Structures are given as structure tokens and as C-alpha cells.
Amino acid sequence: MQSAIPTLKTIGKVGRPHGYKGNLRIFLDYDLVIDSPSWLWLDFGYDFIPFSVEEIIRQQGRDWVIKLENCSSETEVKQYVNASLAISEEDFNQLLPESENIESWIGWNAVDTNGEPIGVVERTDQSTANGIIEIQHVSGAMIIVPHTPQIVVLAENGLLTLSLPDGLLDVYL
């Protein structure tokens, strides 16, 4: 009986080989600590293929070095350069800090930097470059806020603190 392929979440890209013993540099799009995944999935433009991980070492920030099982030379891993990198969505949700997992923000209260209520997060959309947060304003109007570090000041414990640009609320109210 064949096991089902898990739902995958793309988390970064494979960079160049690291050294000559089959290691690869990977660059993550998220601040994840992926210290012991048993599987990473690589996409070469046509489908994701699972690879067993022998070793993974954090270099700096979102820069890591991985050693795939049964890969022992630079020549063997060169074919993986520029591949998209994914893990199971279940692993992703466990590894991603709450502050970065905008999908977990649905139902959270949104406040401004003074602590004044803005509304409740109704929906998030990560299909755009920055992501979008839809908030049911306390007035009842639906407002759309871009997910950028300049706007999302803090996200923790069910509370989203936003620094909205002047005039943004006026567009919707």
C-alpha cells in the first residue's frame, strides 16, 4: 500500500554546493529552526521529490547547510541547485513561530500602536508579494491591510499590533 503524499509548503530554495562532500546551501523564506526534519522535498520544476536528510546545520540567519542521505559528492548534488525546497505543511505549522504564521492570526484582535482597537482579523492571503490581512473594523467595515514589517509591529498571544499609514482607515470608513 502506497502512503499518501503530505500537503507541502515551499519554504525556500537550494543554493550552491557547500564543499565537496555532497552538502548543499539552502536559503529559507521563513525564520524556521529545521534542526531535524526527516524529509525535505525538492521541486525541479515538474514535481516535488522527497529526500531523506542526513544532517542539517544552521549557518547564519536563514542560511543553512544540508546533507542529503546517499549524496557524497559535489557532482551528485549539483543537479539540485535552484530547486524549490518544501516540508510538510504539518511540520511547517509546528516550526513557524506564531508571530510569522499569518494563517494563525484569523480571529485575533487587531490594535493600533496606542492599544486602541481596530477590529478582528477575518482572513489572510499570502498569494501576493507581501500578503494581505482582512480585518473586520470595529465600525463593521472590512479593511485590507498589507502584511509588511512596517505595518505589523507585533503579533503574539492573539493580539496583532499594527502601525497603519495615515489615511488608510479613511479609505474604508
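**Notes on Asp 63 and the aromatic pairs**

1. The side chains of Asp 63 and Arg 25 are joined by a polar contact of 2.3 Å. Please keep in mind, as you look at this pair, that the model is a predicted one.

2. Where does Asp 63 sit? Asp 63 belongs to strand S5, which covers residues 63-68. Its relative accessibility is 13%, and because buried means under 20%, Asp 63 counts as buried.

3. Arg 25 also appears among the contacts of Asp 63 once neighbours within four places in sequence are left aside; the others listed are Ile 26, Phe 27 and Arg 58. If you have the viewer open, these residues are a handy set to display together with Asp 63.

4. Turning to the rings, the structure holds 4 aromatic pairs. One of them is Phe 51 with Tyr 80, an edge-to-face pair with 5.0 Å from centre to centre and 65° between the planes. Phe 51 is in strand S4 (residues 48-60), while Tyr 80 is in the loop between helix H1 (74-77) and strand S6 (84-88), so this pair ties together parts 29 residues apart in sequence.

5. Both Phe 51 and Tyr 80 are buried. Together with Phe 44, Phe 51 and Tyr 80 make up one aromatic cluster.

6. Trp 105 and Trp 108 are worth a look too. Their ring centres are 6.1 Å apart and their planes are at 35°, so the pair is tilted. Trp 105 is buried, as is Trp 108.

Methods: Residues are numbered from 1 along each chain as its sequence is written. This is a predicted model: local features need pLDDT of at least 70, side-chain atom pairs count only at pLDDT 80 or more; totals for chains, interfaces and linings use all residues. Side-chain values use heavy atoms; hydrogens and water are left out. Helices (H or I, at least four residues) and strands (E, at least two) are DSSP runs, numbered from the N terminus. Buried means under 20% relative accessible area, exposed over 50%, partly exposed in between (1.4 Å probe, protein chains only). A polar contact is a pair of N or O atoms within 3.5 Å; within protein, one must be able to donate a hydrogen and the other to accept it, and residues adjacent in sequence count only if both atoms are side-chain atoms. Contact means heavy atoms within 4.5 Å. Rings of Phe, Tyr and Trp (its six-membered ring) pair if their centres lie within 6.5 Å; planes under 30 degrees apart count as stacked, over 60 as edge-to-face and the rest as tilted.
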